[in-house]
Amino acid sequence: QQTVSGSHCPRDVGRAARRVLMSIPYGRVTFGRPLNPVETLHAFARSYKVVLGDDVEVRSVDEAGRSADVEFRAIHHFIDSVHVGVVEGHFAAQQLTAAVRVRHDGPTHATFRVTW
């Protein structure tokens, strides 16, 4: 396990966010059942809107290619590896592996290409 100055790396912090979300009723209702990859991404995007008020949307899905683009718009906190870890944590809970590539489109806007 990778550590930075005695604490977990940002992706580890993001992966742990699911456990915190599952401690509240919204999280248990939203993520408390088996989800396929596309359902996982839509639930992930909705949770950002509900919990943080952020504008996150699944923009395109290619189920045959096992990929999707998730757009973060007007995010007024850092779009960084913590959010990559959040995606990875939600997929890992569904016994899936996600790879995330981030394209920064501006200081408050990014698109995540998620493949599984």
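Student: Where is Ile24 found?
Tutor: We're looking at a predicted model here. One helix, H1, covers 10–21, and another, H2, covers 25–31. Ile24 is found in the loop between helix H1 and helix H2.

Student: Is Ile24 buried, partly exposed or exposed?
Tutor: The relative accessible area of Ile24 is 36%. Buried would mean under 20%, and exposed would mean over 50%. So Ile24 comes out as partly exposed.

Student: Which residues make the nonpolar surface patch?
Tutor: The patch has an area of about 340 Å². Ile24 from that loop is one of its members. The full set is Ile24, Val50, Val51 and Leu52.

Student: In what order do the four strands of the open sheet come?
Tutor: The pairing in this sheet is antiparallel. Its edge strands are E3 and E5, since each pairs on one side only. Neighbouring strands are turned by 20° against each other on average, direction ignored. Reading across, the order is E3-E4-E6-E5.

Student: How many bridges hold E3 and E4 together?
Tutor: E3 takes in residues 55–62 and E4 residues 67–73. They pair in the antiparallel sense, with Asp62 opposite Ser67 in E4. The number of bridges is seven.

Student: Which residue in the turn between E3 and E4 has a positive phi?
Tutor: E3 and E4 form a hairpin, with four residues between them. One residue in that turn has a phi of about 55°. That residue is Arg66.

Student: Is Ser67 buried or exposed?
Tutor: Ser67 is found in strand E4. Leaving aside neighbours within four places in sequence, Ser67 is in contact with Ser60, Val61, Asp62, Arg113, Val114, Thr115 and Trp116. Its relative accessibility is 11%, and the cut-off for buried is under 20%. So Ser67 counts as buried.

Student: How many bridges join E4 to E6?
Tutor: E4 and E6 run antiparallel. Asp69 stands opposite Arg113 in E6. The bridge count for E4 and E6 is six.

Student: What is the bridge partner of Arg103 in E6?
Tutor: E5 spans 99–106, and E6 spans residues 109–115. Seven bridges join the two strands, which run antiparallel, and they form a hairpin with two residues between them. In E6, the partner of Arg103 is Thr111.

Student: Which strands does helix H3 touch?
Tutor: H3 is made of residues 37–52 and packs on the sheet. Its direction makes about 165° with that of E3. The strands touched by H3 are E3, E4 and E6.

Student: At what angle does helix H4 run to E6?
Tutor: H4 takes in residues 81–93. This helix lies across E5 and E6. Its angle to E6 is about 30°.

Student: How far apart in sequence are Glu57 and Arg73?
Tutor: Their side chains meet in a salt bridge, 2.8 Å from N to O. The pair links distant parts of the chain, with Glu57 in strand E3 and Arg73 in strand E4. In sequence, Glu57 and Arg73 are 16 residues apart.

Student: Are Glu57 and Arg59 buried, partly exposed or exposed?
Tutor: The side chains of Glu57 and Arg59 meet in a salt bridge at 3.3 Å, N to O. Glu57 has a relative accessible area of 28%, and Arg59 has one of 49%. Values from 20% to 50% fall between buried and exposed. So Glu57 is partly exposed, and Arg59 is also partly exposed.

Student: Which residues join into one network through salt bridges that share partners?
Tutor: Glu71 forms a salt bridge with Arg59, with the closest N and O atoms 3.0 Å apart. That pair links strand E4 to strand E3, across 12 residues. At 13% relative accessibility, Glu71 counts as buried. The network is made of Asp55, Glu57, Arg59, Glu71 and Arg73.

Methods. Residues numbered from 1 in each chain as written. Predicted model: local features only at pLDDT ≥ 70, side-chain atom pairs only at ≥ 80, totals over all residues. Heavy atoms only, no water. Patch = residues over 30% accessible without salt bridge, like charges linked within 9 Å, V, L, I, M, F, W, Y side chains within 5 Å. Areas by Shrake-Rupley, 256 points an atom, 1.4 Å probe, with all protein chains shown as cover. Salt bridge = Lys/Arg side-chain N within 4 Å of Asp/Glu carboxyl O. Buried < 20%, exposed > 50% of the residue type's maximum accessible area, 1.4 Å probe, protein only. Pairing = 2+ DSSP bridges. Axes fitted to C-alpha atoms, helices over the stretch in contact; angles between N-to-C directions. Contact = heavy atoms within 4.5 Å.
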